[in-house]
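Subject: A structure for you to explore

Hi there,

Here is the structure I promised to pass on to you. Have a look at it first, and then read on for what I found in it.

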Amino acid sequence: MAGMWRFYQRLLSKHPWKVQILTAGTLMGVGDIISQELIEKKGLKNYNTIRTLKMMGIGFCFVGPSVGGWFKLLDRCIPGKTKTVALKKVILDQGLFAPGFLGCFLCIASVLNGLSTEETWDKIKKDYCDALIVNYYIWPAVQIANFYFIPLNHRLAVVQCVAVVWNAYLSWKANKV
């Protein structure tokens, strides 16, 4: 296990952007598998591989780039590692980024699931507020620790590790009829 971690660290130092995006997409897929198998109890017979691939695609093309880019922007705009700096970043993260990110995520997932514009809007109206409230239960504490203790190159990976549970919830929410 230590050897795998060292390998990951080497890749991360050589190709931080690519590795962060690959990590995000992979862990979005893990979250969907957890959602299907543990939350929805579909079993292997009813497991939906296409759904997992869609969630991974969202991770690779939307979650990884947007969250990774957001973390870089926050570090440029609010430099430093003090508690006050971390708190400012959390306020911006949860006040500005999280609401927009969540709305975009639900919209993208709905479109990939073949919903019409009207069905997508209905789904967002139905699920957005609940998902945002759950977000506020989980993410402020995670992000304060992330912004205060974790170096920039590792933040997306830390968030995505914690987010395996969050991704399972989002996958269930996004794919619930």
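Let's start with one tryptophan: Trp172 is in helix H7. Please keep in mind throughout that the model is predicted. Is Trp172 buried, partly exposed or exposed? Its relative accessible area is 28%, so Trp172 counts as partly exposed, given that the partly exposed class lies between 20% and 50%. Setting aside neighbours within four places in sequence, Trp172 has contacts with Ser35, Ile39, Glu40 and Arg51. You can also try a distance in your viewer: from C-alpha to C-alpha, Trp172 and Leu22 are 22 Å apart in space, while 150 residues separate them in sequence.

Staying with helix H7, go next to Trp166. With a relative accessibility of 6%, Trp166 is buried. Which residues does Trp166 touch, once neighbours within four places in sequence are left out? They are Leu102, Ala131, Val134, Asn135, Ile138 and Trp139.

Trp166 also leads us to the nonpolar core. The largest such core holds 34 residues, and Trp166 is among those with the most contacts inside it, together with Ile58, Val63, Val67, Leu102 and Phe105. Which elements give two or more residues to this core? They are helices H2 (16-39), H4 (49-77), H5 (83-112), H6 (117-149) and H7 (152-175). H5 supplies the largest share, with 9 residues.

Now for the aromatic rings. A pair of aromatic rings is described by how far apart the centres are and by the angle between the planes. The model has 9 aromatic pairs by the rule used here. One of them is formed by Phe62 and Phe101: the ring centres are 5.0 Å apart and the planes are at 10°, so this pair is stacked, since planes under 30 degrees apart fall in that class. Where do the two partners sit? Phe62 belongs to helix H4 and Phe101 to helix H5, 39 residues apart, so the pair links distant parts of the chain. Both Phe62 and Phe101 are buried.

A second pair brings us back to Trp166, this time with Tyr169. Here the ring centres are 5.4 Å apart and the planes are at 25°, so this pair is stacked as well. Trp166 and Tyr169 are 3 residues apart in helix H7, which means that about one helical turn separates them. Tyr169 is buried, with a relative accessible area of 15%. Ring pairs also join Phe62, Trp70, Phe97 and Phe101 into a cluster.

Next, look at how two helices meet. The axes of helix H1 (residues 2-14) and H2 come within 5 Å and cross at roughly 125°. What does that angle make H1 with respect to H2? H1 is oblique to H2, because an angle of this size lies outside the parallel, perpendicular and antiparallel ranges. On the H1 side, the contact is made by Tyr8, Leu11, Leu12, Ser13 and Lys14, and on the H2 side by Pro16, Val19, Gln20 and Thr23. By type, the residues of this contact divide into 5 nonpolar, 3 polar and 1 charged.

Ser13 deserves a visit of its own. Ser13 lies in helix H1 and is exposed, with a relative accessible area of 56%. Ser13 and Ala157 are 144 residues apart in sequence, and their C-alpha atoms are 13 Å apart in space.

For a contrast, find Gln143 in helix H6. Is Gln143 buried or exposed? Gln143 is buried, with a relative accessibility of 4%. Not counting residues up to four places away in sequence, Gln143 touches Phe71, Val90, Asp93, Gln94 and Val159. The C-alpha atoms of Gln143 and Gln94 are separated by 8.9 Å, and the two residues are 49 apart along the chain.

One last stop is Lys41, in the loop between H2 and helix H3 (43-46). What can you say about the backbone of Lys41? Its phi is positive, at about 50°, although Lys41 is not a glycine. Lys41 is exposed, with a relative accessibility of 65%.

Enjoy exploring, and write back with any questions!

Best wishes

Methods:
Residues are numbered from 1 along each chain as its sequence is written. This is a predicted model: local features need pLDDT of at least 70, side-chain atom pairs count only at pLDDT 80 or more; totals for chains, interfaces and linings use all residues. Side-chain values use heavy atoms; hydrogens and water are left out. A nonpolar core is a set of buried Ala, Val, Leu, Ile, Met, Phe, Trp, Tyr and Cys residues joined through side-chain atoms within 4.5 Å. Buried means under 20% relative accessible area, exposed over 50%, partly exposed in between (1.4 Å probe, protein chains only). Helices (H or I, at least four residues) and strands (E, at least two) are DSSP runs, numbered from the N terminus. Contact means heavy atoms within 4.5 Å. Rings of Phe, Tyr and Trp (its six-membered ring) pair if their centres lie within 6.5 Å; planes under 30 degrees apart count as stacked, over 60 as edge-to-face and the rest as tilted. Axes are lines fitted to C-alpha atoms, for helices over the stretch in contact, and angles run from 0 to 180 degrees between N-to-C directions. Angles under 35 degrees count as roughly parallel, over 145 as roughly antiparallel, 65 to 115 as roughly perpendicular and the rest as oblique. Ala, Val, Leu, Ile, Met, Phe, Trp, Tyr, Cys and Pro count as nonpolar, Asp, Glu, Lys and Arg as charged, and the others, Gly among them, as polar.
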